[in-house]
Amino acid sequence: MKAAVLHELGKPPRFEDFPEPSRGREEAIVQVRAASLKAVDQQLAAGTHFASPRELPVICGTDGVGNLPDGTRVFFGGPRRPYGAMAQRTVVPAAFCFPVPAALDDATAAALPNPGVSALLSLSHRAKLAKGEKVLILGATGVTGKLAAQIAKRLGAGRVIASGRNPQALEKLRDFGADSTIQLNQPDDGLKRAFAQEAGEAGFDVVIDYVWGRPTEVLLSAITRPEFAVASSETRLVQVGESAGPTIAFPAAVLRSTALTILGTAGIPSPDVLVAAMHQVLDWAAKGALQIETEAVPLAEIEQVWQRPETAGRRLVVIP
């Protein structure tokens with residue numbers, strides 16, 4: 001069979017033949033229809049992820065959509081190494097196969113669950129977003145950020161503020177539920193004023209942060225109070241990504257003047273929570289309540305497209 005085969009960490013995978021998978025106990029063979037190309041796939045292949053492979057060659061790809069032997073179309077995850085999702089066939093735990101609603105096309109079904117479940121769990125499981133609360137999405141023009149803005153509204157957020165660098169993508173987010181937008185690529189003084197204006201006296205209830213780095217530093221400066229004041233509400237900042245930088249300067253005054261809690265996304269929720277989140281995301285998408293932009297590319301071109309950056313929040317989907 002044909003697959004995207006990785007021979008050396010830090011190099012793109014190659015389109016070539018690979019032995020067929022065989023099924024073990026409680027496993028399923030999947031005829032792959034589509035597999036999304038995500039940052040985590042690139043990090044694993046680059047050797048920069050904690051779960052990067054130690055033995056090569058391996059097939060790239062962590063999840064996708066395909067058919068079980070009985071014809072059932074499923075979203076699948078967790079292929080057993082050396083197999084991966086970017087192949088004509090793969091082998092996965094049977095428990096990691098989820099039926100896909102007929103209303104979803106293959107590209108959408110392959111691209112949506114990973115970022116959609118991540119965004120949903122960041123908002124509901126970590127931030128514990130309550131109806132009516134104000135949400136700031138830092139980095140809302142990426143694939144996951146766009147979904148987070150939509151999901152926040154689905155969960156009942158009273159106001160959603162989307163921030164990012166791409167002005168066209170920011171404008172689109174108004175159609176996806178964002179009540180206002182903030183351009184991140186502006187001078188710090190202007191950005192601080194924009195954050196402070198949106199925060200208002202009550203502040204942000206939830207911040208989902210996909211950028212870290214300088215924008216987060218400016219945000220923290222904007223919400224730091226210059227005087228003694230009664231804390232009327234708590235801001236829960238969930239740190240998810242670091243597209244603007246891996247570190248920040250963190251003045252102690254932020255924590256002494258502001259009711260701020262910073263949470264990470266470490267720790268895997270229980271299987272029941274994950275399964276419920278998966279079903280919720282797929283159900284919303286099938287009803288047209290969640291949208292994701294995709295671009296299909298042939299598996300045969302994997303070496304050429306491997307390092308292509310996502311354009312305006314569009315997810316690449318590999319078709320065997």
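Biologist: Why is Glu26 called exposed?

Modeller: Its relative accessibility is 60%, and exposed means over 50%, buried under 20% and partly exposed in between (1.4 Å probe, protein chains only). Glu26 therefore counts as exposed. This is a predicted model, in which local features need pLDDT of at least 70 and side-chain atom pairs pLDDT 80 or more, while totals for chains, interfaces and linings use all residues. Residues are numbered from 1 along each chain as its sequence is written, and side-chain values use heavy atoms, with hydrogens and water left out.

Biologist: What makes the phi of Glu26 worth a remark?

Modeller: Phi of Glu26 is near 60°, a positive value in a residue that is not glycine. Most residues other than glycine have a negative phi. Glu26 sits in the loop between strand S2 (14-17) and strand S3 (27-37); helices (H or I, at least four residues) and strands (E, at least two) are DSSP runs, numbered from the N terminus. Trp212 also has a positive phi, near 55°, and is placed in the loop between S12 and H7.

Biologist: How do you know whether Trp212 is buried or exposed?

Modeller: The relative accessible area of Trp212 is 13%, so Trp212 is buried.

Biologist: Which peptide bond leading to Pro57 is cis, and what is its omega?

Modeller: The bond from Leu56 to Pro57 is cis, with omega near 5°. Pro57 lies in the loop between helix H1 (39-46) and strand S4 (58-59). The bond from Arg81 to Pro82 is cis too, with omega near 15°, and Pro82 lies in the loop between strand S6 (73-77) and strand S7 (89-93). Most peptide bonds are trans.

Biologist: Why is the pair Glu133 and Arg236 called a salt bridge?

Modeller: The N to O distance between their side chains is 2.8 Å, and the term asks for a side-chain nitrogen of Lys or Arg within 4 Å of a carboxyl oxygen of Asp or Glu. The pair therefore meets the rule. Glu133 lies in the loop between H3 and S9 and Arg236 in strand S13 (residues 235-239), so the bridge ties together parts that are 103 residues apart in sequence. Glu133 is buried at 15%, and Arg236 is buried at 11%.

Biologist: How many salt bridges does this rule give?

Modeller: The count comes to 18. One of the linked sets is a network of Arg33, Arg73 and Asp106. Side chains of opposite charge can pair when their charged atoms come close.

Biologist: What makes Glu217 and Arg214 a pair within one helix?

Modeller: Both lie in helix H7 (residues 213-223), 3 residues apart, about one turn of the helix. Their closest N and O atoms are 2.8 Å apart, which gives a salt bridge. Glu217 has a relative accessible area of 18% and is buried, whereas Arg214, at 45%, counts as partly exposed.

Biologist: What makes a space in this structure a cavity, and how many are there of 30 Å³ or more?

Modeller: A cavity is a set of points on a 1 Å grid, over the protein atoms alone, where a 1.4 Å probe fits but cannot get out. The structure holds 1 cavity of 30 Å³ or more. The largest cavity has about 30 Å³ of space, a volume being what is filled by probe spheres set on the points, which are joined across faces, edges and corners.

Biologist: Which residues line the largest cavity?

Modeller: Val143, Lys146, Leu147, Gln291, Ile292, Glu293 and Gly313 do; a lining residue has an atom within 4 Å of a point. Helix H4 (residues 143-154) gives the largest share, 3 residues.

Biologist: How are Lys146 and Glu293 joined?

Modeller: Their side chains meet in a salt bridge, 2.7 Å from N to O. Lys146 lies in helix H4 and Glu293 in strand S15 (residues 293-298), so the pair ties together parts that are 147 residues apart in sequence. Lys146 is buried at 5%, and Glu293, at 24%, is partly exposed.

Biologist: Why is Ser122 called buried?

Modeller: Ser122 has 2% relative accessibility and therefore counts as buried. This residue of helix H3 touches Ala127, Ile208, Val238, Val240 and Thr265, not counting residues up to four places away in sequence; contact means heavy atoms within 4.5 Å.

Terms used: On a 1 Å grid over the protein atoms alone, a cavity is a set of points where a 1.4 Å probe fits but cannot get out, and a pocket is an open set with protein on both sides within 12 Å along at least five of seven lines; lining residues have an atom within 4 Å of a point.
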